[in-house]
Amino acid sequence: MVEVGTLAQEHRALVALYGQVQARCSAQLREQAWRIDHLEAEVMRLRAAVIVQQTALAMAREDRRVLEAALPGLPRRMELSRRIEALVERVQVLLRERSHGPWVVVDRPGPG
């Protein structure tokens, strides 16, 4: 037969352990709630940043559309301008190569 005193001691020990487990669980719940709050705040900041970027992009696209409508042929002229810049760069490279190339001495006939 189990003594009442032994049962009371075991009960107190179990209740103490149960209290420790409850305290640990409460601490973990508080930490998780804190993390959730911070993550939700970060999500809100990121959403706001995306909205700002999308708005700026939409405004830039609209400005470009208005500009292109006001200046017919602008896309073609811009493409030609880019091609001209590329050709100018190529000519400069070729001129530098030519000026740094080997010198060739050409005999020229004298007078008479």
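Mentor: A helix here is a DSSP run of H or I that spans at least four residues, and a strand is a run of E with at least two. In this predicted model, the chain comes to two helices and zero strands.

Trainee: What makes residues 4-70 count as helix α1?

Mentor: A run needs at least four residues to be a helix, and numbering starts from the N terminus. Helix α1 covers residues 4-70, and helix α2 covers residues 74-99.

Trainee: Why is the contact of E62 with R65 called a salt bridge?

Mentor: The cut-off is a side-chain nitrogen of Lys or Arg within 4 Å of a carboxyl oxygen of Asp or Glu. The closest N and O atoms of E62 and R65 are 2.6 Å apart, so the pair satisfies the rule. Both residues lie in helix α1, three residues apart, about one turn of the helix.

Trainee: Why is E62 called partly exposed?

Mentor: Buried requires under 20% relative accessible area and exposed requires over 50%. E62 has 36% relative accessibility, so E62 falls in between. Its partner R65, at 48%, is partly exposed as well.

Trainee: How do you know that E68 forms a salt bridge with R64?

Mentor: Their closest N and O atoms are 2.8 Å apart, and the limit is 4 Å, so the pair qualifies. E68 and R64 both lie in helix α1, four residues apart, about one turn of the helix.

Trainee: Is E68 buried or partly exposed?

Mentor: E68 has 27% relative accessibility, and buried means under 20%, so E68 counts as partly exposed. R64, at 48%, is also partly exposed.

Trainee: What makes the meeting of R82 and E79 a salt bridge?

Mentor: The N to O distance is 3.3 Å, which is within 4 Å, so the rule is met. R82 and E79 both lie in helix α2, three residues apart. R82 is partly exposed at 45%, and E79 is partly exposed at 33%.

Trainee: How many salt bridges does the rule give?

Mentor: The count comes to three.

Trainee: How much of the chain counts as buried?

Mentor: Of the 112 residues, 2% count as buried. The chain exposes about 10900 Å², with carbon and sulfur atoms supplying 63% of that area.

Note on methods:
Residues numbered from 1 in each chain as written. Predicted model: local features only at pLDDT ≥ 70, side-chain atom pairs only at ≥ 80, totals over all residues. Heavy atoms only, no water. Buried < 20%, exposed > 50% of the residue type's maximum accessible area, 1.4 Å probe, protein only. Areas by Shrake-Rupley, 256 points an atom, 1.4 Å probe, with all protein chains shown as cover.
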